[in-house]
Amino acid sequence: MKALALLALAGVSCMVAADELPPPADHPKSLEVEHYAYGMHPDIARVLTTSAVPNVCQSVPVQMTYEDHQGQRHVMEYLVMGSGCSNG
């Protein structure tokens with residue numbers, strides 16, 4: 001679970017640094033989605049976009065589009081806790 005939290009945090013902080021760059025015109029419309037598993041060590045050089053976290057109180061899948069150090073684009077799906085939980 002800590003790895004997912006770190007991946008999400010890294011994704012958000014890198015997204016701010018990348019200024020949410022849109023994909024170039026020659027970018028394929030769909031990439032194969034990789035599913036994150038504990039212990040994976042993806043080669044993330046730059047996060048391009050992340051999907052919005054739904055306002056629900058449960059774990060939900062989100063996707064991150066990123067470039068590796070060779071400039072190849074990837075889409076990774078991973079689980080995060082929704083933003084709809086409250087401490088009542």
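**View 1. The link of C57 and C85 is right-handed, with 105° about the S-S bond.** In this predicted model, the disulfide joins C57 to C85 with an S to S distance of 2.0 Å, and the structure as a whole holds 1 disulfide. The pair links distant parts of the chain, since C57 sits in the loop between strand 2 (46-50) and strand 3 (59-67), while C85 belongs to the segment after strand 4 (73-81), the two cysteines being 28 residues apart. With a relative accessible area of 35%, C85 is partly exposed.

**View 2. E67 forms a salt bridge with R46, in which the closest N and O atoms are 3.2 Å apart.** E67 lies in strand 3 and R46 in strand 2, so the salt bridge ties together parts of the chain that are 21 residues apart in sequence. The acidic partner, E67, is buried at a relative accessible area of 14%, whereas R46, at 31% relative accessibility, counts as partly exposed. Which residues are joined into one network by salt bridges that share partners? They are R46, E67 and R73, and the next view turns to the pair of R73 and E67.

**View 3. The side chains of R73 and E67 meet in a salt bridge, with 3.2 Å from N to O.** A search of the whole structure finds 2 salt bridges, one of which is this pair of R73 and E67. R73 is found in strand 4, and E67 lies in strand 3. The side chains of R73 and E67 are also joined by a polar contact of 3.2 Å. Are the two residues R73 and E67 buried or exposed? Both are buried: R73 has a relative accessible area of 18%, and E67 has a relative accessible area of 14%. Buried means under 20% relative accessible area, so the value of 18% places R73 in that class. As general background, side chains of opposite charge can pair when their charged atoms come close.

**View 4. D68, in the loop between strand 3 and strand 4, has a side chain joined to that of H74 by a polar contact of 2.9 Å.** Leaving aside neighbours within four places in sequence, D68 is in contact with D43, A45 and H74. For one of these partners, D43, the C-alpha to C-alpha distance from D68 is 5.1 Å, although the two residues are 25 residues apart in sequence. D68 is buried, with a relative accessible area of 10%.

**View 5. The largest nonpolar core has 9 residues, namely Y36, V47, V60, V62, M64, Y66, M76, Y78 and V80.** Strand 3 and strand 4 each supply at least two residues of this core, and strand 3 gives the most, with 4 residues. As general background, nonpolar side chains in soluble globular proteins tend to be buried together.

**View 6. Y66, one of the residues of the largest nonpolar core, touches a set of residues that includes R46 and R73.** Not counting residues up to four places away in sequence, Y66 touches E34, P42, D43, I44, R46, V47, L48, Q72, R73, H74 and M76. Among these, V47 and M76 also belong to the largest nonpolar core, R46 and R73 belong to the salt-bridge network that includes E67, and D43 and H74 are also contacts of D68.

Notes:
Residues numbered from 1 in each chain as written. Predicted model: local features only at pLDDT ≥ 70, side-chain atom pairs only at ≥ 80, totals over all residues. Heavy atoms only, no water. Disulfide = S-S within 2.5 Å. Buried < 20%, exposed > 50% of the residue type's maximum accessible area, 1.4 Å probe, protein only. Contact = heavy atoms within 4.5 Å. Polar contact = N/O pair within 3.5 Å; in protein donor to acceptor, adjacent residues only side chain to side chain. Salt bridge = Lys/Arg side-chain N within 4 Å of Asp/Glu carboxyl O. Core = buried A, V, L, I, M, F, W, Y, C linked by side-chain atoms within 4.5 Å.
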